[in-house]
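Got the viewer open? Let's take a walk through this one, stop by stop, with something to select at each.

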Amino acid sequence: MIDQDEFEPLPPRRPLLRRKRVLIPLGLVVALVLLFLMLRTPDTDRDEMIAKYGGETSEFAAGPAGQRIHYRDQGPRDAPVVVLLHGSNSSLHTWEPLVQRLGDRYRIVTLDLPGHGLTGGTPDRDYSADGMIAAVDVIAAKLGLDRFTLGGNSMGGWVAWRYALAEPARVDALLLLDAAGMPPRKGDKPPPSNIGFRILKYPAGRWLAGQITPRALVESSLRGSVERQDIVDDAMVDRYWQLLRFPGNREATSLRATLDREPAMADRIGAIKVPTLILFGKKDRLINPSAAQTFHERIAGSEVVLLDDIGHLPMEEAPDATANAIADFLRRRLAAPNAVASPVPDPETR
């Protein structure tokens with residue numbers, strides 16, 4: 001027989017410790033899930049946004065790839081046509097200050113590019129330069145526009161000069177407002193950018209940006225983009241915040257952050273021969289203002305206007321100076337409209 005006394009008793013079980021090892025990580029996971037659900041910002045309602053940000057002048061055009069492009073066609077129908085393209089995460093509303101100042105002498109067409117504003121995500125998910133150019137062509141075909149002056153801000157400026165390279169016979173003049181697409185100059189430091197664009201540099205940031213879009217983050221990004229802080233009011237922040245969450249726009253933002261911007265195309269910009277105005281704010285923190293000099297050196301016959309104490313959005317920060325610069329440029333470099341309105345007051349400093 002085996003003497004039971006020869007064996008030591010087993011140590012007591014510690015069920016509480018084992019439960020803690022399971023419950024603590026589980027609790028952290030649950031807490032993170034609950035925090036995510038609390039912070040998550042869903043898409044806005046399509047119809048509600050169209051009712052709020054559309055207006056009487058808004059129209060929609062169907063494209064061959066299933067696009068439904070939002071645009072506005074304002075000003076005299078027999079006046080020279082100016083087509084304006086907004087920047088990344090913006091919308092056609094950014095041009096309304098110029099429409100108010102130039103709309104009596106020019107026919108001004110603005111549109112929400114794919115993945116922006118009330119256009120929203122497009123079925124083909126093409127947010128490249130070619131996809132943006134196709135959207136411009138859809139609106140031009142809808143309105144029967146064979147030739148026009150083409151302008152753009154930031155990403156819209158990049159699309160504008162790419163369009164001028166792709167379809168030179170259709171562009172009468174080019175307006176580049178703090179336009180993207182030029183390589184940094186020797187000695188340039190990277191621009192500070194804003195918090196929104198910094199987040200999009202990282203895969204995790206892009207995923208989170210598609211799920212959690214706090215209004216405070218949008219306001220901070222806006223304020224980091226402009227020098228004149230007084231233009232950033234509650235209505236402006238709400239518009240950017242709500243339209244960024246329009247169905248498909250956040251996904252488009254993440255996809256654009258990973259696209260090849262084809263930097264080699266900048267070497268071809270010298271092929272542009274149309275009159276070109278290059279207008280930059282000297283305090284632009286998203287694109288180095290020195291890019292204006294690079295554009296000027298590469299586009300023969302171009303003109304440069306630099307605005308003091310203005311950031312990335314001159315058409316909103318300094319609408320009078322911007323409108324006057326555009327009107328003066330087009331009046332000198334193109335055939336003047338039949339009826340030229342009196343100059344806009346110019347309180348901004350050049």
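Start with the whole thing on screen: the protein has 13 helices and 8 strands. Keep in mind that this is a predicted model. Of its 350 residues, 49% are buried. Switch on a surface if you like; the accessible area comes to about 17,200 Å², and carbon and sulfur atoms account for 57% of that. As for how the chain folds back on itself, take the contacts between residues at least 6 apart in sequence: 76% of them join residues at least 24 apart.

**Stop 1: the aromatic pair**

How many aromatic pairs does a search of the whole structure find? The search turns up 1. Select Phe148 and Tyr163: the ring centres are 5.9 Å apart and the planes meet at 45 degrees, so this pair is tilted. Colour by secondary structure and you'll see Phe148 in strand E5 (residues 148-153) and Tyr163 in helix H5 (residues 155-166), so the pair ties together parts that are 15 residues apart in sequence. Both Phe148 and Tyr163 are buried.

Now look between those two elements. Ser154 lies in the loop between E5 and H5. Check its backbone: phi is positive, about 60 degrees, although Ser154 is not a glycine. For context, most residues other than glycine have a negative phi. Is Ser154 buried or exposed? With a relative accessible area of 12%, Ser154 is buried, because the cut-off for that is under 20%.

**Stop 2: Arg170**

Stay with Tyr163 and add Arg170, which is found in the loop between H5 and strand E6 (171-177). The side chains of Arg170 and Tyr163 are joined by a polar contact of 3.5 Å. A polar atom of the Arg170 side chain also lies 2.6 Å from the backbone oxygen of Leu145. Leaving aside neighbours within four places in sequence, show what Arg170 is in contact with: Asp137, Ala140, Leu145, Asp146, Arg147, Phe148 and Tyr163. So both members of the aromatic pair from the previous stop are in contact with Arg170. For a backbone distance, try Arg170 to Leu150: their C-alpha atoms are 9.3 Å apart, with the two positions 20 residues apart along the chain.

**Stop 3: helix H4**

Next, select helix H4 (129-143). H4 has 15 residues and spans 21 Å from first C-alpha to last, close to the 21 Å expected at 1.5 Å a residue. Which residues in H4 are buried? They are Ala129, Gly131, Met132, Ile133, Ala135, Val136, Val138, Ile139, Ala140 and Leu143. Just after H4, click on Gly144, where phi is positive at about 70 degrees.

**Stop 4: Thr119 and Phe60**

Walk back along the chain to Thr119, in the loop between strand E4 (107-111) and H4. Thr119 is buried, at 3% relative accessible area. Turn on polar contacts here. The Thr119 side chain reaches the backbone nitrogen of His70 at 2.9 Å, and a polar atom of that side chain lies 2.6 Å from the backbone oxygen of Asp112. Not counting residues up to four places away in sequence, Thr119 touches Arg68, Ile69, His70, Asp112, Leu113, Pro114 and Phe246.

From His70, hop to Phe60 in strand E1 (residues 58-62). Phe60 counts as partly exposed, at 22% relative accessibility. With residues up to four places away left out, Phe60 touches Ile50, Arg68, Ile69, His70, Tyr71, Leu118 and Lys142. The C-alpha atoms of Phe60 and Leu118 are separated by 9.1 Å, though the two are 58 residues apart along the chain.

**Stop 5: helix H9 and two arginines over rings**

Select helix H9 (residues 234-244), which is mostly covered: 8 of its 11 residues are buried. Those are Met236, Val237, Arg239, Tyr240, Trp241, Gln242, Leu243 and Leu244. Among what covers them are helices H2 (46-53), H8 (215-223), H10 (249-257) and H12 (314-317).

Zoom in on Trp241: the charged end of Arg245 sits over its ring, 4.3 Å from the centre. Then jump to Trp158, where the charged end of Arg261 sits over the ring at 4.9 Å from its centre.

**Last stop: Asn89**

Finish at Asn89, in the loop between strand E3 (81-85) and helix H3 (96-102). Asn89 is not a glycine, yet phi is positive at about 65 degrees.

Key:
Residues are numbered from 1 along each chain as its sequence is written. This is a predicted model: local features need pLDDT of at least 70, side-chain atom pairs count only at pLDDT 80 or more; totals for chains, interfaces and linings use all residues. Side-chain values use heavy atoms; hydrogens and water are left out. Rings of Phe, Tyr and Trp (its six-membered ring) pair if their centres lie within 6.5 Å; planes under 30 degrees apart count as stacked, over 60 as edge-to-face and the rest as tilted. Helices (H or I, at least four residues) and strands (E, at least two) are DSSP runs, numbered from the N terminus. Buried means under 20% relative accessible area, exposed over 50%, partly exposed in between (1.4 Å probe, protein chains only). A charge sits over a ring if NZ of Lys or CZ of Arg is within 6 Å of the ring centre and within 35 degrees of the ring normal. A polar contact is a pair of N or O atoms within 3.5 Å; within protein, one must be able to donate a hydrogen and the other to accept it, and residues adjacent in sequence count only if both atoms are side-chain atoms. Contact means heavy atoms within 4.5 Å. The expected span of a helix is 1.5 Å times one less than its number of residues. Accessible areas come from the Shrake-Rupley method with a 1.4 Å probe; for residues, only the protein chains shown count as cover.
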